[in-house]
Amino acid sequence: PRSSLPPAEAPTPRATPSALLALVKEAVVAPHAAAARVPLPMHEPLSELQQRAEDLEYSRLLDAAAAHPPRSRARLATVAAFAVSAYAGVVRTGKPFAAVLGETFELVRGGEEEGDGAPSAAGGGFRFLAEKVRAAPRPLNHAIAHGAAGWSFELEDELRMKFGASAVELVPRVLVRVTFPDGEAFSWGKVTTTIHNATGLVGRMRLEHTGVCTVTSSTSGEACVLTFHAEGKGPGGRKAVREVSGVVVAAATAAPAAASPPLTLAGTWDGGLVAHGLADTPTPLWSSRAAATPGGWAALVASLGPHNRFGFGPWAAALNPPPPRTCGCEVASEDPTAACCPAPHAPLPASDSRLRPDLRALEHGRYPVAAAAKAGLEADEAAKAATHQPTWFAARPGVEAEVGVDFLYEYRGGYWAAA
């Protein structure tokens with residue numbers, strides 16, 4: 001993992017009021033709001049596919065859930081905590097770069113390979129793979145992961161954006177599913193993320209997550225309904241800041257589960273969750289890295305050095321390190337995207353997000369280079385959109401469900417064998 005980020009070669013240009021107004025106007029007429037051209041200074045040097053891997057920062061919760069008995073309340077509560085933990089690092093307001101067709105991203109954390117995509121149980125950790133699988137009618141990404149504890153993770157998402165006068169709402173259609181070795185699976189979606197004062201022209205940008213996320217077990221007949229409260233609207237009329245509350249219900253009726261005592265969850269999406277009802281005393285389920293760090297999130301950002309202008313925490317910063325050049329070619333440029341031979345970073349494929357020249361240029365503050373590279377990638381995507389087929393995922397035959405209801409694509413297999 002990286003301990004710092006590189007310095008910017010030039011100051012960050014400020015998006016002009018006219019550019020921001022043009023963005024809002026374009027969003028009104030774009031075929032989908034996600035296609036609106038967000039000014040480069042409002043981006044962060046991560047791809048959408050890399051950002052999806054942020055869901056797995058607290059994958060140890062899935063390891064813990066795998067150790068709980070199937071159909072148990074303890075497993076349901078732990079998986080619910082994992083669903084909330086995906087938001088812990090999403091406090092930044094920079095927009096990730098939209099993935100392009102054919103782009104992939106792999107992430108390996110701990111362990112040695114045991115079969116296609118699964119790390120060894122002795123080593124721990126997980127392997128993650130994501131790919132942009134289609135561009136139209138709306139962009140769609142698909143991701144999978146396999147953990148050493150035997151669990152599997154799958155995510156498919158279609159981002160929808162709504163532009164207001166001063167706020168941007170990200171309303172994703174997402175399906176997440178985690179399956180354990182005993183066959184029990186849990187499914188859920190995502191809540192709305194709102195960036196207030198998104199133009200930055202009046203006041204400071206502020207981000208919050210609001211809505212309801214329901215984590216449903218495939219076998220127990222129970223679900224955990226998680227409510228992400230808007231600021232100032234906590235339970236009982238209290239002032240709420242990033243608060244989350246949860247209650248276990250009967251999945252079929254949405255009525256509180258008959259088990260006694262009732263099981264409820266309480267906490268914040270960036271701090272942690274505690275369960276009430278698993279034992280005689282409150283049971284801590286999860287605590288974020290920021291909550292465990294003196295100085296909180298600000299200290300985590302500062303720990304990555306003075307050039308961390310994107311507000312990354314350690315996990316996000318570790319998603320886009322310059323990959324080592326393994327080919328042995330002598331290249332004058334330190335830029336990992338500089339060409340020298342067909343496979344300079346093998347076994348990392350050329351399609352990996354880490355090798356996008358626009359991301360790397362933005363990270364180094366080379367704004368004109370980043371803008372030109374981004375435009376080139378988007379032009380290439382437009383040219384092949386009609387005929388492109390994803391490499392590692394295939395459309396599921398006969399499935400015509402809406403995004404977020406069922407998976408439209410499935411993993412073909414073979415990625416790790418080819419790496």
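## Strands that pair up

Two strands count as paired if DSSP finds at least two bridges between them. Keep that in mind as you look at this model, which is a predicted one. Take strand β13 (residues 222-228) and strand β14: they pair in the antiparallel sense, over seven bridges. If you want a spot to find on screen, look for A223, which stands opposite V249 in β14.

On to β14 itself, which covers residues 243-250. Is this strand mostly buried or exposed? Six of its eight residues are buried, so β14 is largely enclosed by the rest of the structure.

## Following the sheet onward

From β14 we can step to strand β15 (residues 264-268), and this pair is antiparallel too, with five bridges. Here E243 has T268 of β15 as its bridge partner. Next comes strand β16 (residues 272-276), which pairs with β15 in the antiparallel sense over five bridges. A hairpin of three residues links β15 to β16, and A266 finds its bridge partner in V274 of β16.

One more step takes us to strand β17 (residues 283-287), which runs antiparallel to β16 and is joined to it by four bridges. V274 turns up again here, standing opposite P284 in β17. The hairpin formed by β16 and β17 has six residues between the strands, and G277 in the turn has a positive phi of about 120°.

## A closer look at G267

G267 sits in strand β15. Its relative accessibility is 23%, so G267 counts as partly exposed; the cut-off for buried is under 20%.

What does G267 touch, once residues up to four places away in sequence are set aside? The list is R242, E243, V244, G272 and L273. You can also compare sequence and space here: G267 and L285 are 18 residues apart in sequence, and their C-alpha atoms are 9.9 Å apart.

## Another set of strands

Strand β6 (residues 152-158) and strand β9 (residues 173-179) run antiparallel, joined by seven bridges. In this pair, E156 stands opposite L175 of β9. β9 also has strand β10 (residues 185-188) as an antiparallel partner, with four bridges joining them, and V176 stands opposite W188 in β10. There are five residues between the strands in the β9 and β10 hairpin, where G183 takes a positive phi near 100°.

## Two helices side by side

Now for some helices. The axes of helix α3 (residues 60-67) and helix α4 (residues 73-85) come within 9 Å and cross at roughly 170°. The two helices are therefore roughly antiparallel to each other.

Which residues make the contact? On the α3 side they are L61, L62, A64, A65 and A66, and on the α4 side R75, T78, V79, A81, F82 and S85. Sorted by class, that gives eight nonpolar, two polar and one charged residues.

## The nonpolar cores

In soluble globular proteins, nonpolar side chains tend to be buried together. In this model, the largest nonpolar core has 69 residues, and those with the most contacts inside it are F128, W188, V215, L226 and L265. The element that gives the most to this core is α4, with eight residues. There is also a second, separate core of eleven residues, and V133, I144, V403 and W416 are among them.

V215 is a good one to click on. Leaving aside neighbours within four places in sequence, V215 is in contact with L76, V79, A80, A83, F186, S187, W188, E222, A223, C224 and L226.

Terms used:
Residues are numbered from 1 along each chain as its sequence is written. This is a predicted model: local features need pLDDT of at least 70, side-chain atom pairs count only at pLDDT 80 or more; totals for chains, interfaces and linings use all residues. Side-chain values use heavy atoms; hydrogens and water are left out. Buried means under 20% relative accessible area, exposed over 50%, partly exposed in between (1.4 Å probe, protein chains only). Axes are lines fitted to C-alpha atoms, for helices over the stretch in contact, and angles run from 0 to 180 degrees between N-to-C directions. Angles under 35 degrees count as roughly parallel, over 145 as roughly antiparallel, 65 to 115 as roughly perpendicular and the rest as oblique. Contact means heavy atoms within 4.5 Å. Ala, Val, Leu, Ile, Met, Phe, Trp, Tyr, Cys and Pro count as nonpolar, Asp, Glu, Lys and Arg as charged, and the others, Gly among them, as polar. A nonpolar core is a set of buried Ala, Val, Leu, Ile, Met, Phe, Trp, Tyr and Cys residues joined through side-chain atoms within 4.5 Å.
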